[in-house]
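Trainee: Please take me on a close look at one part of this model. I'd like to start from a single residue in the core and work outwards, with the numbers included.

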Amino acid sequence: MTTEKKMKSTVGRLKSRPQFLAVRKGESRRGRTFLLEVLDRQEPDTPPRAGFTVTKKHGNAVERNRMRRRLKEAVRQSAGFAMKAGHDYVIVARREVLTVPFAELAAQLAERIEGRSRPRRSEETRSRKA
């Protein structure tokens, strides 16, 4: 494996609270299984960094760690290649991370990271509240 290919696939880690709080000022991409927050650091030469958050309301320590491990593995296997250099990503897990099949989780994560938008619902199928 060449060093260029290896650099592309490695993802750094967000570790301190100020780093996580800085990413909150960026873009939010909501999903059914997780929330993705993205911040462009304006440093295209640095590798991307990722952080993972699972709140206590989503279960006990065993379940929270399982959610975090599933998300880390999804980033490692597939979504890490979609991350742009010089960007920070924070993935906030929801309870559904435990139940969704892993292949679907990885696909959703890669889709959110690439920023592909889903088709919007038409006006006829939206809420009919006036």
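Mentor: Of the 130 residues in the protein chain, 36% count as buried, and keep in mind that this is a predicted model. For your close look, let's take Phe52 and the strand it belongs to, E4, which covers residues 49-53. Phe52 comes out as buried because its relative accessible area is 13%, and the cut-off for buried is under 20%.

Before we zoom in, here's the general layout. The chain has four helices and five strands, and reading from the N terminus the elements go α-β-α-β-β-β-α-β-α. If you take contacts between residues at least 6 apart in sequence, 77% of them join residues at least 24 apart.

Phe52 gives you a sample of such contacts. Leaving out residues up to four places away in sequence, Phe52 touches Arg13, Phe20, Arg68, Leu71, Lys72, Val75 and Ile91. Take Arg13: 39 residues separate it from Phe52 along the chain, yet their C-alpha atoms are 8.9 Å apart.

Now the sheet. Five strands make an open sheet, ordered E1-E4-E5-E3-E2, with mixed pairing. At the edges sit E1 (12-13) and E2 (27-30), each pairing on one side only. E4 therefore has a strand on either side, E1 and E5, in the order E1-E4-E5-E3-E2. On the E1 side, the two strands run parallel and are joined by two bridges. Across from Gly12 you'll find Arg49 of E4, and across from Arg13 you'll find Ala50 of E4. On the E5 side the pairing is parallel too, this time over five bridges. There Phe52 faces Ile91 of E5, a residue that also turned up in the Phe52 contact list.

Two other names from that list, Leu71 and Val75, take us into helix H3. Both Leu71 and Val75 take part in the meeting of H3 with H4. H3 spans residues 61-77 and H4 spans 102-114; they pack at about 65 degrees, with axes 9 Å apart, and the crossing of H3 past H4 is right-handed. H3 brings Arg70, Leu71, Glu73, Ala74, Val75 and Gln77 to the contact, while H4 brings Phe102, Leu105, Ala106 and Leu109. Sorted by type, the residues of this contact are seven nonpolar, one polar and two charged.

What ties the rest together on the charged side? By the salt-bridge rule the count is eight, and three of the pairs are worth a look here. Glu37 pairs with Arg24, with the closest N and O atoms 3.7 Å apart. That pair links distant parts of the chain, 13 residues apart: Glu37 sits in E3, and Arg24 in the loop between H2 (17-23) and E2. The two ends differ in exposure, since Glu37 is buried at 7% relative accessibility, whereas Arg24 is exposed at 58%.

Next, Arg32 and Glu104 meet side chain to side chain, at 3.0 Å from N to O. Arg32 is in the loop between E2 and E3 and Glu104 is in H4, so this bridge ties together parts 72 residues apart in sequence. Here Arg32 is exposed, with a relative accessible area of 51%, and Glu104 is partly exposed at 34%.

The third pair brings us back to H3. Glu63 and Arg95 form a salt bridge at 3.1 Å, N to O. Glu63 lies in H3 and Arg95 in the loop between E5 and H4, so parts 32 residues apart in sequence are tied together. Glu63 is partly exposed, with 21% relative accessible area, and Arg95 is partly exposed too, at 35%. Finally, salt bridges with shared partners join Arg41, Arg49 and Asp88 into one network. Arg49 is the E4 residue that stands opposite Gly12, which puts us back in the strand where we began.

Notes:
Residues are numbered from 1 along each chain as its sequence is written. This is a predicted model: local features need pLDDT of at least 70, side-chain atom pairs count only at pLDDT 80 or more; totals for chains, interfaces and linings use all residues. Side-chain values use heavy atoms; hydrogens and water are left out. Axes are lines fitted to C-alpha atoms, for helices over the stretch in contact, and angles run from 0 to 180 degrees between N-to-C directions. A crossing is left-handed if the near helix is turned anticlockwise from the far one by less than a right angle, and right-handed if clockwise. Contact means heavy atoms within 4.5 Å. Ala, Val, Leu, Ile, Met, Phe, Trp, Tyr, Cys and Pro count as nonpolar, Asp, Glu, Lys and Arg as charged, and the others, Gly among them, as polar. Buried means under 20% relative accessible area, exposed over 50%, partly exposed in between (1.4 Å probe, protein chains only). A salt bridge is a side-chain nitrogen of Lys or Arg within 4 Å of a carboxyl oxygen of Asp or Glu.
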